[in-house]
Amino acid sequence: MFLKVLGVRFEGRAVVLECRMYEHPFITIADETVVDNSSVITGHYVVYNDFTLGPCKLGGIIHEGVYAFNALVTAKESGP
């Protein structure tokens, strides 16, 4: 519920455990998604002096240690 207040969009049911999340209005979490601990999810990335801000959509199981920067993750499982 707290993430919805910050602007994260949910397309159904999801389990989001403790993770670092930035640019909340740019993040969409698909139906039946699980986000594990220690994941980093942001709506931006930077290459040298070029700052890119955009949408990030997650789906499936996002394991610990995954970094999703302005990404489209549609695999059933992502991570080590």
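## Salt bridge

The count of salt bridges comes to 1. This is a predicted model. The bridge joins the side chains of Glu 11 and Lys 57, at 3.3 Å from N to O. The pair links distant parts of the chain, 46 residues apart. Glu 11 sits in the loop between strand E1 (9-10) and strand E2 (14-16). Lys 57 belongs to strand E9 (residues 56-58).

How accessible are the two partners? Glu 11 counts as partly exposed, at 45% relative accessibility. Lys 57 also counts as partly exposed, at 32%. Partly exposed is the class between under 20%, which is buried, and over 50%, which is exposed.

## Aromatic pair

The count of aromatic pairs comes to 1. Its members are Tyr 67 and Phe 69. Their ring centres are 5.9 Å apart, and the planes make an angle of 65°. The pair is edge-to-face, because planes over 60 degrees apart fall in that class.

Is Tyr 67 buried or exposed? Tyr 67 is exposed, with a relative accessible area of 53%. Phe 69 has a relative accessible area of 38% and is partly exposed.

## Nonpolar surface patch

Tyr 67 and Phe 69 also appear in a nonpolar patch on the surface. Tyr 45, Val 47 and Tyr 48 are in this patch too. Together the five residues Tyr 45, Val 47, Tyr 48, Tyr 67 and Phe 69 have about 600 Å² of accessible area.

Which elements give two or more residues to the nonpolar patch? They are strand E7 (44-47) and strand E11 (67-69). Val 47 lies in strand E7. Val 47 is partly exposed, at 43% relative accessibility. Val 47 can therefore be a patch member on the accessibility criterion, since 43% is above the cut-off of over 30%.

## Positive phi in two loops

Glu 32 is not a glycine, yet its phi is positive, at about 60°. Glu 32 is in the loop between strand E4 (27-29) and strand E5 (33-35). Glu 32 counts as exposed, with 59% relative accessibility.

Where is Asn 70? Asn 70 is in the loop between E11 and strand E12 (72-73). Asn 70 is not a glycine either, and its phi is positive, at about 50°. On the other side of this loop's start, strand E11 (67-69) is one of the elements that give two or more residues to the nonpolar patch.

Note on methods: Residues numbered from 1 in each chain as written. Predicted model: local features only at pLDDT ≥ 70, side-chain atom pairs only at ≥ 80, totals over all residues. Heavy atoms only, no water. Phe/Tyr/Trp six-rings, centres within 6.5 Å; stacked < 30°, edge-to-face > 60°. Buried < 20%, exposed > 50% of the residue type's maximum accessible area, 1.4 Å probe, protein only. Patch = residues over 30% accessible without salt bridge, like charges linked within 9 Å, V, L, I, M, F, W, Y side chains within 5 Å. Areas by Shrake-Rupley, 256 points an atom, 1.4 Å probe, with all protein chains shown as cover. Salt bridge = Lys/Arg side-chain N within 4 Å of Asp/Glu carboxyl O. Helix = DSSP H or I, 4+ residues; strand = E, 2+ residues; numbered from the N terminus.
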